[in-house]
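Please open the model in a viewer and keep the selection panel at hand. The tour below proceeds from one selection to the next.

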Amino acid sequence: MKVYCTNNYEAMSRKAAAVMAAQIIAKPDCLLGLATGSTPIGLYQDLIAGCKQGDLDFSRVTTVNLDEYAGLPGTHDQSYRYFMDHNLFDHVNIDIANTNVPNGTAADPAQECERYEALLRKLGPADIQLLGMGRNGHIGFNEPGDAFIAPTHVVELTASTIDANARFFASRDEVPKKALTMGVGAIMRARRVLVVVSGEDKAQAVRDAFAGPITPQVPASILQLHPDVVLVGDKAALAGLLETGVKL
Ligand code: F6R
């Protein structure tokens with residue numbers, strides 16, 4: 001694992017964007033695994049700037065997103081499809097037909113998960129999979145549990161995740177209780193995994209994930225078994241991990 005510690009969120013975003021940009025430049029027809037949430041927004045802004053300056057070309061890039069809320073259409077401003085369109089896709093020269101997010105309004109969510117998993121298999125491993133991390137150690141919507149789940153699946157969100165996401169909705173009651181998420185299988189098949197973390201509220205989860213036991217109670221801990229993880233975090237988020245003596 002490579003760990004990059006930055007002074008603040010802006011520097012974390014620039015560093016992580018540089019890792020993504022290098023991938024797009026090295027392989028213009030790459031498959032990018034993408035994430036939503038507040039952490040990657042700055043990274044996406046930097047990629048947009050790179051595209052506008054003519055340094056980055058998304059015309060041959062394909063993307064697969066990690067997850068989507070069950071029940072929210074892509075037009076809902078809290079859906080992850082809406083997030084991706086507004087925070088990245090609408091501002092770069094990507095072919096929207098080459099962007100993939102699970103369909104939250106599929107009549108049969110389990111069948112949609114099967115379709116999405118088949119699509120992931122067909123497209124092949126992501127060249128780079130971007131991940132944020134929940135305060136409970138979740139990746140995608142792979143919540144703490146008794147077992148790691150490999151394929152794309154429907155998940156019941158934990159109370160802690162619903163609480164964390166309530167800030168984006170008019171009330172906690174409006175937060176969807178289920179989501180469709182890529183499992184740890186496709187995440188672990190990615191050739192490289194780029195994890196971005198910011199803020200002291202992530203420090204314990206980062207330490208547990210990368211310096212604690214590998215356990216489904218901390219889903220991100222499975223990344224210890226991945227051969228090419230790049231962790232980019234600001235010093236607040238990495239504080240707990242750095243205390244363990246991890247090498248930068
Ligand atoms: C988003 C996702 C989640 C977030 C995580 C962190 O697609 O899959 O795992 O990465 O909840 O969210 P933020 O960045 O908002 O702290």
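**The ligand and its surroundings**

Begin by selecting the shell of residues around the ligand, which divides into 3 nonpolar, 8 polar and 3 charged residues. The model under inspection is predicted. Of the 14 residues in this shell, those that come nearest to the ligand are T39, D67, H138, G140 and K202. Display the pocket surface next: the ligand sits in the largest pocket.

Now turn to individual approaches to the ligand's oxygen atoms. Select D67, where a polar side-chain atom lies 2.6 Å from an oxygen atom of the ligand. At G140 the approach comes from the backbone, with an N or O atom 2.7 Å from a ligand oxygen atom. Then select T36, which places a polar side-chain atom 2.9 Å from an oxygen atom of the ligand. How much of the ligand does the protein bury? Taken alone, the ligand exposes 410 Å², and the protein buries 92% of that.

**N136 and its contacts**

Move next to N136, in the loop between β6 (128-131) and β7 (153-156). Show side chains here and add S160: the side chains of N136 and S160 make a polar contact at 3.5 Å. To complete the view, extend the selection to the residues in contact with N136, leaving aside its neighbours within four places in sequence. These are E143, P144, T158, S160, T161, Q217 and P219.

Key:
Residues are numbered from 1 along each chain as its sequence is written. This is a predicted model: local features need pLDDT of at least 70, side-chain atom pairs count only at pLDDT 80 or more; totals for chains, interfaces and linings use all residues. Side-chain values use heavy atoms; hydrogens and water are left out. A residue is near a molecule or strand if one of its heavy atoms lies within 4 Å of it. A polar contact is a pair of N or O atoms within 3.5 Å; within protein, one must be able to donate a hydrogen and the other to accept it, and residues adjacent in sequence count only if both atoms are side-chain atoms. Accessible areas come from the Shrake-Rupley method with a 1.4 Å probe; for residues, only the protein chains shown count as cover. On a 1 Å grid over the protein atoms alone, a cavity is a set of points where a 1.4 Å probe fits but cannot get out, and a pocket is an open set with protein on both sides within 12 Å along at least five of seven lines; lining residues have an atom within 4 Å of a point. A molecule sits in a cavity or pocket if more than half of its atoms lie within 2 Å of its grid points. Ala, Val, Leu, Ile, Met, Phe, Trp, Tyr, Cys and Pro count as nonpolar, Asp, Glu, Lys and Arg as charged, and the others, Gly among them, as polar. Helices (H or I, at least four residues) and strands (E, at least two) are DSSP runs, numbered from the N terminus. Contact means heavy atoms within 4.5 Å.
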